[in-house]
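User: Hi! Could you take me through this structure and explain the reasoning behind each label as we go?

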Amino acid sequence: MQRKVFFWYLSGFLAVAMAWTSAGAQDLKSFEQRITTKVLPNGLTLVVCERPEAPVFSFSTFIDTGDVNDPSGQSGLAHMFEHLAFKGTSQIGTTDYTAEKAALEKVEAANNAYETEYLKAVGRDEKKLAALKAAVKQAETEAHQYVVPNQFTDVAERNGATGVNAYTALDETVYFWSMPENRLELWAWLESGRLSDAVPREFYKERDVVMEERRMRTDSSPQGRLVEQFLATAYVAHNYGRSSIGWPSEVGQITATEAMDFHKKFYVGSNIVVAVVGDVKASEALPLLEKYFSRVPAGPKPEEMTTVEPKQFAEKTVVVREATQPMYLEGYHRPDYRDPDNAVYDAISDILSNGRVSRLYRSLVRDKQIAVEVAGFSPFPGDKYPGLYCFFAVPAQDHTTTEIRDAIHAEIERLKSADVSDEELAMFKTRTRADLLRGLADNQGLANTLAQYQTRYGDWRELFRELDKVDKVTKSDVRRVANQVFQSSNRTSAWVETVAPAATAQKDGGAQ
Amino acid sequence: MKSAMVKSFLGISLAIAVLLAPSGLSAQQNKPWEQIPTPKLHEFKPQQPRRIALKNGIVLFLQEDHELPFVSGSVLIPGGSRDEDAAKTGLVELYGQAWRTSGTAKMNGDALDDLLEAKAAHIETGGGEDSTSVSWDSLKGDADQVFSLALDLLLHPKFSAEKLALAQQQMAAGIVRRNDDEGEIAERESAKLVYGPNSPYTRQPELATIGTVTVKDFEAWHQRTIGSKLIVSVDGDFDPVAMEAKLRAAFEGLPPVKAEPARHESFPGPKPGVDFIDKQDVNQSNIEIVGLGTDRHNPDVPTLSVMNEILGGGFASRLFQKVRTEQGLAYAVSGGMGFDYDHPAAFQVMVLTKSASTVDATRSALAEIGGLTSKPFTQEELTRAKDNILNSFLFRYDTREKVLAERVRLEFYGYPANYLETYRASLEKVTVDGLNAAARKYIHPDKLAVLVVGNGPEIKPSLDELKLGPVTPVDITIPMPGQKPGAGEKK
């Protein structure tokens with residue numbers, strides 16, 4: 001079947017759940033009875049939600065650190081560490097950790113020698129470089145003899161783990177899977193192990209894997225290329241403008257030492273929330289989880305990144321000329337998730353682009369027939385720091401990005417100059433409640449949401465309280481916020497202009 | 001908190017399971033995790049939906065679930081794109097879109113949108129390879145109204161020329177964009193290698209074929225399919241007695257269902273060799289190694305499923321261990337023998353690697369495929385694969401929604417209701433000898449085709465180095481109106 005053009009890259013990933021206040025069994029009170037939280041002496045927060053529908057559980061380990069925290073020159077580091085977290089510990093994945101540790105130190109020394117030569121601006125000796133490279137390979141081979149490859153994930157999978165994965169966003173790093181409930185203790189051992197006892201095993205091979213991930217997601221994807229250029233243009237100071245998977249020359253040079261330093265600084269109890277949802281009893285589970293997760297080192301909450309994006313005063317545009325069909329993207333700076341108007345932005349997105357009743361669909365797709373897909377959404381690329389309110393559209397055949405831009409701007413003007421209708425506002429509130437309620441019946445989704453809210457607000461209950469803010473949004477709020485944020489001087493737009501293949505420059509994202 | 005830019009650890013991995021005995025495993029002194037007790041799993045009997053066969057042949061499934069105040073349902077209708085006229089390829093997809101957007105005589109699609117969205121309810125239609133469907137969901141309080149609207153749409157659509165044109169425009173945009181993303185190209189073109197470019201499973205909609213579709217075609221399609229064996233399923237927060245009465249009232253009066261004619265299809269499989277599609281705006285190759293798979297009626301499927309786990313399943317699979325972990329050549333690598341319910345799926349292994357390592361990665365993947373017959377399976381591999389599959393088997397039925405979906409699927413394809421149980425029992429019986437025999441029977445590296453989509457000038461060494469015969473370029477030019485459909489097929 002023909003696949004639709006989905007802009008999956010920008011679409012929401014984290015299901016946000018809230019409750020239907022009138023829906024008896026699913027309100028804050030019922031969750032109060034089913035959820036237990038505990039802050040351990042090391043600062044780590046545990047959230048346990050009892051949902052015994054089937055003998056399974058899901059967890060979400062939420063680290064309040066993402067690629068926005070990568071030090072300068074080391075973009076992609078948080079993600080690189082995430083990959084390392086699947087490589088095992090001093091107790092799993094090795095035949096003899098003492099010997100392996102010594103061998104890994106030799107790998108690091110060999111790699112340092114190689115990189116020192118490689119990065120010499122003047123007088124690099126190619127022959128010496130080749131010899132140093134061979135020495136790195138040799139050291140890696142020696143270390144490899146102690147490795148039991150993928151043993152960490154193997155033990156998880158053999159014990160029924162499903163959906164074993166993790167993701168690194170700009171704001172956070174999240175590890176998750178689901179398992180039969182009788183493996184809770186095994187999971188606690190595995191999970192607390194990789195949080196507290198990471199080992200730089202097979203690091204440089206894994207760096208190659210991450211470079212392949214970059215080629216797949218960014219270099220070889222028209223949307224990936226457009227988004228990377230768009231963000232790099234929209235931000236001048238804040239790390240939201242930096243490639244989240246990492247610039248090739250940076251992620252390609254990250255060392256195991258840097259990754260371990262990053263781990264030491266950010267993987268401390270106060271920076272971690274672990275949520276478990278499913279067939280678990282808090283009274284039985286908590287003592288067990290406390291026993292294992294107490295292994296995570298205590299440490300002060302790492303300092304937040306303090307860079308503030310200066311107010312944009314110049315409109316910016318990016319044109320990507322390449323042999324792909326046109327796409328259009330624009331964004332306006334908006335405040336972070338703690339802003340009192342946060343729910344107003346959600347109202348704007350709902351009214352502009354939720355479904356076939358939305359203003360953008362009806363105008364650009366149904367009536368003008370100039371686009372086949374159009375969306376308004378925020379915040380992007382993250383929510384913890386001030387992100388962007390974005391519009392994305394795919395023009396219909398033989399229609400231009402200029403037509404798209406003008407039609408989007410016309411809808412923005414409408415939002416700024418006249419109130420939305422009572423029906424539109426009521427629909428937003430109804431759909432928000434219902435959609436969020438729907439999210440409560442899934443262990444994994446609920447675990448991720450609870451961990452996220454516990455991290456962002458210090459209390460998972462905000463999940464339910466947020467609904468009050470949604471209810472308070474007024475028509476004048478929508479108009480006020482639209483006028484505030486949708487200003488041409490606050491805009492960055494990026495589009496693809498189709499040119500014949502011959503004129504396309506070759507891309508080289510690979511540093512190796 | 002709705003949008004986030006994320007990178008996941010596993011990307012595309014579809015698969016299933018495990019690999020080589022880790023080197024030095026025996027040398028490992030102590031395995032602390034093995035000291036951790038595994039208590040008995042809490043008792044669990046998944047709730048089966050109630051099945052009601054109406055006299056006219058229509059089948060109803062009712063699955064109660066009172067956790068949340070929602071009711072949802074669907075009607076599955078046999079007949080899909082593989083049954084459409086080749087000259088009108090794309091008809092069923094257009095139908096699936098325009099059915100809902102057109103609406104009924106009582107209420108057109110736009111009015112339906114307004115009414116439903118205000119209630120946070122949905123009614124959708126869809127067109128797939130072997131079926132079309134109408135589905136709905138709403139809050140409990142709106143369930144009766146939403147059901148009657150869905151029923152009206154199911155039985156009395158009023159197709160609109162305007163909405164057909166809108167659907168055609170949407171689909172045309174997809175057609176002209178279909179060569180932008182290399183993953184999409186690789187998936188589409190490798191399937192064409194397996195089934196042939198004109199097969200009902202792979203022929204592609206063109207601007208010319210979708211342009212011929214009319215409202216009359218929609219009406220004829222509806223007429224042709226609505227009398228077949230419908231499968232109606234509902235789940236959620238409803239009263240079972242009232243729901244049964246309501247469904248009986250809606251469906252009992254329909255005429256007896258018409259039997260589907262038997263399918264007569266042949267599946268020759270791909271022509272061995274290397275095919276290449278040049279795409280110069282990428283720096284990574286998409287490699288697809290494909291052959292013919294099998295269908296789930298085949299009694300060897302449980303064994304093949306264990307073999308898949310060993311070849312390309314999870315983190316410990318041979319492909320993952322070799323190509324990703326050991327060689328660092330790929331982020332995305334997976335694959336195995338595919339099984340469909342009523343026709344052979346494809347055997348498919350995919351690897352994404354930087355242009356320069358295309359030949360190395362292809363060789364590695366081919367070696368692992370060949371290794372299925374030359375590197376005998378070990379007891380260790382078998383045990384691991386079985387552990388993986390059986391210990392996570394629970395997740396096939398851990399929600400009532402999944403149980404219902406499985407029962408509908410089995411009913412649709414004519415499999416017994418206890419299929420999962422017998423399948424599980426067969427998985428438990430798989431042996432090393434069985435694996436080796438299945439590999440000899442089904443794995444024929446000389447019958448596989450290799451498709452590479454990538455940046456020609458960057459691929460060094462070149463694909464000739466694979467020494468699998470001449471490299472055949474594939475022309476994927478999109479035919480524009482005026483050209484004959486199919487003019488852009490493989491030369």
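**Domains and contacts of chain B**

Analyst: Happy to! In this predicted model, chain B has two domains, with domain 1 covering 50-251 and domain 2 covering 266-473. Their centres, taken over C-alpha atoms, are 31 Å apart.

User: What makes residues of domain 1 and domain 2 of chain B count as being in contact?

Analyst: Two residues are in contact if their C-beta atoms, placed from the backbone, lie within 7 Å. By that test, 18 residues of domain 1 of chain B and 25 residues of domain 2 of chain B take part.

User: Which element gives the largest share of the domain 1 side in chain B?

Analyst: That is α5(B), with 10 residues. The elements giving two or more residues to this side are β3 (59-64), α5 (182-195) and β7 (231-236) of chain B.

User: How do you know how many residues on that side are nonpolar?

Analyst: Each residue is sorted by its type; Leu and Phe, for instance, count as nonpolar, while Asp and Lys count as charged. Sorted this way, the domain 1 side that touches domain 2 of chain B has 10 nonpolar, four polar and four charged residues.

User: And how many residues does the contact between chain B and chain A take?

Analyst: Here 86 residues come from chain B and 106 residues from chain A. Among the elements of chain B that each supply at least two residues are β1 (6-8), α2 (109-117) and β12 (344-354). The most comes from α4(B), with nine residues. By class, the chain B side has 38 nonpolar, 26 polar and 22 charged residues.

Technical notes:
Residues are numbered from 1 along each chain as its sequence is written. Chains are lettered from A and ligands numbered from 1 in the order in which they are written. This is a predicted model: local features need pLDDT of at least 70, side-chain atom pairs count only at pLDDT 80 or more; totals for chains, interfaces and linings use all residues. Domain bounds come from an automatic or database domain assignment. Helices (H or I, at least four residues) and strands (E, at least two) are DSSP runs, numbered from the N terminus.
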